[in-house]
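Trainee: I've got this one open in my viewer and I keep losing track of what sits beside what. Pick the pairing you'd start from, zoom in, and then work outwards from there.

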Amino acid sequence: MKINVLTSGSKGNVTALEVGDELILLDCGKPTKWTLARLNWRLPRAILVTHEHSDHATAVGDWLKRGVDVYTTAGTIAALELKRRHNLHKITCGVPFEIGGVRVEPIPAIHDAAEPVNFILSGDGDRILYATDTGALPTIAGELTKILIEANFSEPVLLASGVDEYQKLRILQNHLSIEQAITFLQGCPTAEVHLIHISARHGNSNEFRARAIEATGNDNITIN
Ligand SMILES: [Zn+2]
Ligand SMILES: [Zn+2]
């Protein structure tokens, strides 16, 4: 499966996974037209949505109208006030399902949303983790070949910043830091890694990439 991060961060998150000649989108935080223009107007087969925040879910209603299959949790469906329809699929954390030969396992996320999840996708010789907008990661058994992982902020930069204590706590509880990402990545030194959802205010893409390479010995790390 080929990973194409179309955009990532607080202004929108959309990643395309190419599986054979089909596309699966991870989150849809940009308008459908914006996304389709970047996909050469190919309609995705399905969209997996982690949670209801608009930087991940703004286009859910429009994709549903276009007939694309959308998979998300009951909590996210309720928060987005989506009506029941044939191409809207309710998923449950810990209960795997299949999309065209790809096994998708929703795993728990800790985030200020109704029922947030992250995903592990297996197929095509790959096992991919998509982990974003979560304060912590569960233990993941078995090898991962590709990893999309949030590196939202640097802990020392956040703690020294001028944001108020309440906001600092909120960020610490709801997002992964580069330090947490590095600790996780040290356990998977051969994976293809994408650092995502880097904060403009408390993050530094180039520095985060350099630190992750140095700490893991893996130079197959890109920033998005
Ligand atoms: Zn987000
Ligand atoms: Zn969020």
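Mentor: Find L17 and look across to β3: the bridge partner there is I24. One caveat before you go further is that this is a predicted model, so treat the geometry accordingly. The pair belongs to the contact between β2 and β3 (residues 22–26), two strands that run antiparallel and share five bridges. Between the two strands sit two residues, which makes the unit a hairpin. In that turn you'll find G20, whose phi is positive at about 60 degrees.

Now go to the other neighbour of β2. Strand β1 (residues 2–7) pairs with β2 (residues 14–19), antiparallel again, and the count is five bridges. Two spots help you set the register: T7 has V14 as its bridge partner in β2, and N4 stands opposite A16. This is a hairpin too, with six residues between the strands. It has a turn glycine as well: G9, with a positive phi of about 130 degrees.

Zoom out a notch and those strands turn out to be part of an open sheet of six, ordered β1-β2-β3-β4-β5-β6, with mixed pairing. The ends of the row are β1 and β6 (88–91), each paired on one side only. From one strand to the next, the twist averages 25 degrees.

If you scan backbone torsions, E81 should catch your eye: its phi is positive, about 55 degrees, and it isn't a glycine. E81 sits in the loop that joins α4 (74–79) to β6. So is E81 buried or exposed? It counts as exposed, because it has 8 C-beta neighbours inside 10 Å and the cut-off for exposed is 12 or fewer.

There's another residue of that kind, and it makes a nice contrast. H197 has a phi near 55 degrees, positive although the residue is not glycine. Its loop runs between β12 (192–196) and α8. H197, though, is buried, because 24 other C-beta atoms lie within 10 Å and 20 or more is what the label takes.

That loop brings us to another open sheet. This one has seven strands in the order β7-β8-β9-β10-β11-β12-β13, and the pairing is mixed here as well. At its edges stand β7 (97–99) and β13 (221–223); each has a single partner strand, so one side of each has no neighbour in the sheet. The average twist from strand to strand is 20 degrees.

Inside the sheet, have a look at β10 (residues 126–131) and β11 (residues 146–150). They run parallel and are joined by four bridges, and Y130 stands opposite L148 of β11. Helix α7 packs on this sheet, touching β11 and β12, and its direction makes about 160 degrees with that of β11. Helix α8 lies across β12 and β13, at about 165 degrees to β13.

I149 is a good residue to colour in here. It's found in β11, and it counts as buried because 28 C-beta neighbours fall inside 10 Å, against a threshold of 20. Skipping its neighbours within four places in sequence, I149 is in contact with L129, A131, L176, A181, F184, V193, L195 and I196. For a distance check in your viewer, take I149 and I107: they're 42 residues apart along the chain, and their C-alpha atoms are separated by 14 Å.

Keep A181 from that list in mind, as we're finishing with the two helices. α7 (residues 178–185) and α8 (residues 205–216) pack at about 30 degrees, and their axes are 9 Å apart. That angle makes α7 roughly parallel to α8, because anything under 35 degrees gets that label. The crossing of α7 past α8 is right-handed. On the α7 side the contact is made by I178, A181, I182 and L185, and on the α8 side by F208, R211, A212, A215 and T216. Sort those residues by class and you get seven nonpolar, one polar and one charged. So A181 turns up in both places: it is in contact with I149 and it takes part in the packing of α7 against α8.

How values were computed
Residues are numbered from 1 along each chain as its sequence is written. Chains are lettered from A and ligands numbered from 1 in the order in which they are written. This is a predicted model: local features need pLDDT of at least 70, side-chain atom pairs count only at pLDDT 80 or more; totals for chains, interfaces and linings use all residues. Axes are lines fitted to C-alpha atoms, for helices over the stretch in contact, and angles run from 0 to 180 degrees between N-to-C directions. Angles under 35 degrees count as roughly parallel, over 145 as roughly antiparallel, 65 to 115 as roughly perpendicular and the rest as oblique. A crossing is left-handed if the near helix is turned anticlockwise from the far one by less than a right angle, and right-handed if clockwise. Two residues are in contact if their C-beta atoms, placed from the backbone, lie within 7 Å. Ala, Val, Leu, Ile, Met, Phe, Trp, Tyr, Cys and Pro count as nonpolar, Asp, Glu, Lys and Arg as charged, and the others, Gly among them, as polar. Two strands pair if DSSP finds at least two bridges between them.
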